[in-house]
Amino acid sequence: MSDFLSFHTLSQILINGLLFGTMYGIAAIGVSLIFGTMQIIFIAQGSLIILAAYISFWLFLLLFIDPFLSILIIVPIFMLLGGGLYQVLFRKVAYAGKNPSLLIAFGFMIMLENLISLLWTPNTRAIKTSYTAYGIEMLGLQVSFTRLVAFVLAMLATVVVTFFLKRTLMGKAVRAASEDLGAATMIGIGTHWVNSITFSIGIGLAGLAGVATAMTFPFDPYFGFIFSLKALIAVAFGGIGSVWGALVGGILLGVIESLGFFFLSGVWADGISYVVFLLVLMLKPEGLFSGFKRIA
Amino acid sequence: MKGKFAWYVVSLILVLLVLMATGAAFAKEKKEILIGTNLPMTGILAGVGVEQKWAYEQAVNDLNKKGGILVKEYGKKLPVKLVVADDESDPGKAAAVVERMIKMDKVDLLLGGFAAPFGVIPGCVTAEKYKKYYHTSICLIPPWLEQKFKWSTLFFFDLGQGCDIPYQIWDSFPASDKITKPALLMEDSFDGRAFSGIFRDLAKKHGYTFALDEPWAIGQKDYSSLVVKAKSLGVDAILIFGADADCITFVRQMKESKLNVKYMHGWKGTWAGEFWNALGKDAQYILCDGFWSMDFPYPGAKELGERYVKKFNKYSVSIGALYGLCQILWTAIEKAGTLDSAKVREAVLANEFDTVMGKVKYDKDGVAVFLSTASQWWDGKQMLVYPFDRTTWKVKVAPPWDKR
Amino acid sequence: MLILPMVVFAGLPFIVDSESSYLVFFLFVTFINITIVQGWNLVGGYAGQVSLGQHAFFGLGAYITAITWLRGLTGYFDPLAMILSGFGAAILAIGVGIPLLSKLRGDYFALGTLGLGEILRVIFTQGGTLTGGSVGLLLPSRVYESMKPYYFISLGLAVFATIAIYFIIKSHIGKALIATRDDEVAAEASGIHTLKYKVLAFSISAFLTGLGGSLQAYYLFHIHPAGFFSLKWALYPILMSIMGGAGTILGPVIGAFFLTGVFELVNIWLPEGHPIFSGGLIVVVMLFLPNGLIRLRLKRVIGKKGERRGDK
């Protein structure tokens, strides 16, 4: 096996891990924000990502809309959906302890999976465009075009969200509410309003992640749950509530998995992610990059 | 008492269940033959479950159009009613719904589910407990035989024969296309390991050595490390076993990294229409396994295949096995003259059957073997390649990606 | 008041034929569920520590039973096997509970237990000939004779679990757990060694869950990672406990009966779409009855929202 371990191979593995990890990262940002502001473990994030992927698939198949363009349609819809989901599902129980909201997220997730399965059949779907299996050569390494695009999108999204949180009034309100709920309420920041915005951002990001997923690999209705699990691990790496932390956490997870799959066989590699996950929780629960401030 | 209302709700549920269970027992005259089957209708195997249900329904409808089966015991022709229970792609649930079909629906006989060893073995175990006949396919033969089931039978292919196919094909290649550096990539699961063990043994027999031999984790979304390894080793043929999403991802990454192979043969993940739909022309030249082909020269095969195309808009290389399974059962019931599980099973073992799979004969252990097939993807259809004597299509060697 | 149902359940197999009765089978499944739900309720409902890793103990219990049987150390329906399963799970709980519970609070603990469950699943999938790898272990199913022992043992486990929880809650342990749940800092300040009690609750819940896994192993005869470490076993106890009413003695019983029944009915009536209904039901119940069915009183549903008596 050491015959393969040239610098070239190693860099190839790292690049692949990095690009793949950004998928986890986009999924994780939404989960992290929602977790940070409302203490809700939103395990339905992965299934919403898959929903976005299917919608993108439909738009492509029926209306010939390229996935890139579908982002312009899907992300706004999902942002509205996010606000709506909060109002319908979580507003009532937002402060009733963490158990009801966890179960509501779970109930919603299984509804969504089954709904997708009925609408689109449970079979695997994939989008095939002219650039789907296209690889470009960069610095002697083979880079998947679609994954590179996903990476760029993830970066852009993170920058936009960070800007929103730091520079806009609404964003600052979100940060204030997450840092000190009592004080925020006292000065008149409507907490349900703030929560809706947070959900909106989180689900909008799920929409983006969904399109990126649809562009990159095949998907089926039940893949969402695993995606959510990986997002949770990424959030643990990055620290709850941190946007950049979630993205970097996702990338780190991608790299660990990539290295793991290369050096170990199959299922052990899966286990490695969970072991690191537990270690991080135990030794650095505030996240590996606690240099970042919360919600920034 | 606290929660009185809740107890009323619970009692209501229990009463409902009891009513449903005893309702079936009040049927007076026997009007139909109840055949129960446990299939994954939800959960990760739902895709397969839906199609298997369709195959069974086709067999039932075709039979009922002729009035049903003449059952001597009742002195008349009885139609078949199919009872489908969702096992949620979970083996524990599979056993539970088979119990329910036996005890609540009071089915006469059972048809098998999917995904060995899960959907099928729990069903077989439950059938043994209650001495109900479980007529099934889709299970690897050795673990099924180990259990020495007396109340079920198995109709499936022999792994040794199936795994030998690629080597026979390679042996038939001219010297210019000789395969020297094959790779064995199997998913790390029960089925995957079973396949890989046999592939290795047979490779030795035919004189081939694998340059790359590695398992991968199911659902791994990134195979670039495997592709990188294969490319640096100069692999020229790949045998791959995994789910369709994984195979699709793998082929895409092959193309992205410009890994060229002359021969690529997939099991489980490359046979479905979705594989072609996802990859388009990139799937050309790739081979898949199968149970059946609509081009088989057996009565009903072509028509069944066409019906499938009309319904699902793609081709199948598996549906015939399930339809054939039903054909065997219908004939066996007629020959037995009764719905008694023991007698029907005896009839299955004692007779020879004509089906869309060809002639079927069970041995004394309850196993009937059919030949695994191989087909090559060409312009959206799986062209039958093996068994050699049933087809005229010869395997085409794949040119490099940029020369297509 | 509770004696009547108990008598009915105990006498049922003598009134109906346990082999052909669907009700007997349904109750068997429900009783196992009650046992593991009581387990979660102790650590999640009373001690306030949400565990997402009960499937680890369920699977471990099942494997212990299977492995000891296949090695000839125990037999069919062997009490020794079940006790070993329970204790094995409890020991694991203590082993991981001490580090997890001392360092992780609330959500982090939940995530940690989830990770634990997944790691255990991976270990058992890779266990080679000891655990049978991803195909698992096959037990000799020919020894099956009758449904009766399954039914009575599961009934016994359910009763044992409920009574055990009752006595634990009434004792000083229970008071310590509730104090910890309501305000851990205050509890520590008033001299309660919260870690000790949390670990105790965690290990007792593991014990009960392990027993459940053992009995399920005897029923299914085929033990493998996908089925026994499935997240179903992690999530169902939480669902049933909370829907029934967490932090009460009978809440788990109600929840187990209600959900086992509903899931089964829905599976029968809507073979392809039942998760939509089940998921929707969970959402609706959680929105309108976040404290569980046990606190459902017709007056409260119609009238004003009742005050919450200090349960979270």
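This passage walks through how chain B meets its two partners in a predicted model, and then turns to a helix pair in chain C and two backbone details in chain B.

The interface of chain B with chain C is a good place to begin. Here 44 residues of chain B are in contact with 51 residues of chain C. The size of an interface is often given as the accessible area lost when the parts come together. For chain B and chain C, that buried area comes to about 4,400 Å², and 68% of it is on carbon and sulfur atoms. Polar and charged groups take part as well: four salt bridges are counted between chain B and chain C. In one of them, the side chain of Lys93(B) meets that of Glu264(C), with 3.2 Å from N to O. The interface of chain B and chain C also holds 11 residue pairs in polar contact, both residues being at pLDDT 80 or more.

Which elements of chain B give two or more residues to the side that touches chain C? They are α1 (4-23), α3 (91-105), α4 (120-130) and α7 (190-206) of chain B. Of these, α1(B) provides the largest share of that side, with 12 residues. Sorted by class, the side of chain B that touches chain C has 25 nonpolar, 14 charged and five polar residues.

Chain B also meets chain A. In this interface, 38 residues of chain B are in contact with 34 residues of chain A. Together, chain B and chain A bury about 3,000 Å², with 60% of this area on carbon and sulfur atoms. On the chain B side, the residues that lose the most area to chain A are Lys221(B), Arg252(B) and Glu256(B), which together make up 24% of what that side buries.

One salt bridge is found across the interface of chain B and chain A. The side chains that meet in this salt bridge belong to Lys128(A) and Asp282(B), at 3.3 Å from N to O. Eight residue pairs in polar contact are counted between chain B and chain A, again with both residues at pLDDT 80 or more. The elements giving two or more residues to the side of chain B that touches chain A are α2 (46-65), β9 (212-216), α8 (224-233), α9 (244-256) and α10 (273-279) of chain B. Helix α9(B) gives the most, with eight residues. By class, this side of chain B divides into 15 charged, 12 nonpolar and 11 polar residues.

Within chain C, two helices are worth finding in the structure. Helix α4(C), residues 79-103, packs with helix α10(C), residues 194-220, at an angle of about 145°, and their axes are 7 Å apart. The crossing of α4(C) past α10(C) is right-handed. The residues of this contact comprise 19 nonpolar, seven polar and one charged.

Finally, the backbone of chain B has two details to look for. Most residues other than glycine have a negative phi, and most peptide bonds are trans. A cis peptide bond, however, joins Tyr386(B) and Pro387(B), with omega about 10°. Pro387(B) lies in the segment after β17 (381-386) of chain B. The other detail concerns Lys106(B), a residue other than glycine whose phi is positive, near 55°. Lys106(B) sits in the loop between α3 and β5 (109-111) of chain B.

Technical notes: Residues numbered from 1 in each chain as written. Chains lettered and ligands numbered in written order. Predicted model: local features only at pLDDT ≥ 70, side-chain atom pairs only at ≥ 80, totals over all residues. Heavy atoms only, no water. Axes fitted to C-alpha atoms, helices over the stretch in contact; angles between N-to-C directions. Helix = DSSP H or I, 4+ residues; strand = E, 2+ residues; numbered from the N terminus. Left-handed = near helix turned anticlockwise from the far one by under 90°. Nonpolar A, V, L, I, M, F, W, Y, C, P; charged D, E, K, R; others polar. Contact = heavy atoms within 4.5 Å. Buried area = accessible area lost by both parts, 1.4 Å probe. Polar contact = N/O pair within 3.5 Å; in protein donor to acceptor, adjacent residues only side chain to side chain.
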